[in-house]
Amino acid sequence: MSNTPVNNGRRRFLTAATSVVGGVGVVGVAVPFIGSWNPSARAKAAGAPVEVNVSKLEPGQLVRAEWRGKPVYVVRRTEKAIADLGKHEDQLRDPNSEEPQQPEYAANQHRSIKPEIMVALGVCTHLGCAPTYRKGDFEEIVEGVSDGFFCPCHGSKFDMAGRVFSGVPAPTNLAVPEHSFPSDGVLLIGVGQGEA
């Protein structure tokens, strides 16, 4: 043990300097670590809302959009297709959409906000195949129904509201994503009515 007097000022300075350097090091490590918890730009884009211009859609026309990596079918239904929705409900598995495959505001006969615009995921609820849109020749598949969706993989059939017919492999109606209309000709997929 030395009898040299202790320099308390120097000791306090070294303790403070070491603490500052250690604090800077902790912040330097913590910032990138905490930043890694945030979703990547690609992940954010994958879940971002998708805008679809529906102003130029002709009656009976289908356009496809992609939202969260899945196809979304957007169809401007004809007046006949809208009128026919109530004529084949006895052939449907869930005609009143009691299974929650759509937002609350789309739990109606046409399963959408606007009767003339159908919005549904283009993914069969059986095994995830993509049903084909059959315009004008669906009657070959379901008597008395001129338009609809047919999954050629396993034979599931859906009407122009995406409701599944009875006796097919698909257990539920096509899913309807959250959607809204921020303006007359613009459909926003991924943001529900009243959320925009």
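**A tour from the central sheet to the cavity**

Begin by selecting Val74, which stands opposite Val119 in strand 4. The model on display is a predicted one. Val74 belongs to a stretch worth colouring next: strand 3, residues 70–76, is joined to strand 4 by 5 bridges, and the two run antiparallel.

Now widen the selection to the sheet around this pair. Three strands form an open sheet in the order 2-3-4, with antiparallel pairing. Strand 2 (62–67) and strand 4 (117–121) stand at the edges with a single partner strand each, so one side of each has no neighbour in the sheet. From one strand to the next, the twist averages 25 degrees.

For orientation, zoom out to the whole protein chain. It contains 3 helices and 9 strands, and along the sequence these follow the pattern α-α-β-β-β-α-β-β-β-β-β-β. Of the 196 residues in the protein chain, 39% are buried.

The next stop is the buried nonpolar interior. Select Val75, Phe149, Phe158 and Met160: these residues have the most contacts inside the largest nonpolar core, which has 19 residues. Strand 3, strand 4 and strand 6 (147–151) each supply at least two residues of this core. A second core, separate from the first, has 14 residues, among them Val52, Val54, Ile117 and Phe181.

Keep Met160 selected and turn to the empty space. Where is space left inside the model? Rolling a probe the size of a water molecule over the atoms shows where empty space is left. A search of the whole structure finds 1 cavity of 30 Å³ or more. The largest cavity holds about 50 Å³ of space. To display its lining, select Ala81, Asp84, Leu85, His88, Val145, Ser146, Asp147 and Met160. By class, this lining comprises 4 nonpolar, 2 polar and 2 charged residues. Met160 therefore appears twice on this tour, among the residues with the most contacts inside the largest core and in the lining of the largest cavity.

Finally, select Ile113, in the loop between helix 3 (79–84) and strand 4. Is Ile113 buried, partly exposed or exposed? Its relative accessibility is 27%, and because buried means under 20% and exposed means over 50%, Ile113 counts as partly exposed. Add Gln193 to the selection and check the C-alpha to C-alpha distance: Ile113 and Gln193 are 8.3 Å apart in space, although 80 residues separate them in sequence.

Conventions
Residues are numbered from 1 along each chain as its sequence is written. This is a predicted model: local features need pLDDT of at least 70, side-chain atom pairs count only at pLDDT 80 or more; totals for chains, interfaces and linings use all residues. Side-chain values use heavy atoms; hydrogens and water are left out. Two strands pair if DSSP finds at least two bridges between them. Helices (H or I, at least four residues) and strands (E, at least two) are DSSP runs, numbered from the N terminus. Axes are lines fitted to C-alpha atoms, for helices over the stretch in contact, and angles run from 0 to 180 degrees between N-to-C directions. A nonpolar core is a set of buried Ala, Val, Leu, Ile, Met, Phe, Trp, Tyr and Cys residues joined through side-chain atoms within 4.5 Å. Buried means under 20% relative accessible area, exposed over 50%, partly exposed in between (1.4 Å probe, protein chains only). On a 1 Å grid over the protein atoms alone, a cavity is a set of points where a 1.4 Å probe fits but cannot get out, and a pocket is an open set with protein on both sides within 12 Å along at least five of seven lines; lining residues have an atom within 4 Å of a point. Grid points are joined across faces, edges and corners, and a volume is the space filled by probe spheres set on the points. Ala, Val, Leu, Ile, Met, Phe, Trp, Tyr, Cys and Pro count as nonpolar, Asp, Glu, Lys and Arg as charged, and the others, Gly among them, as polar.
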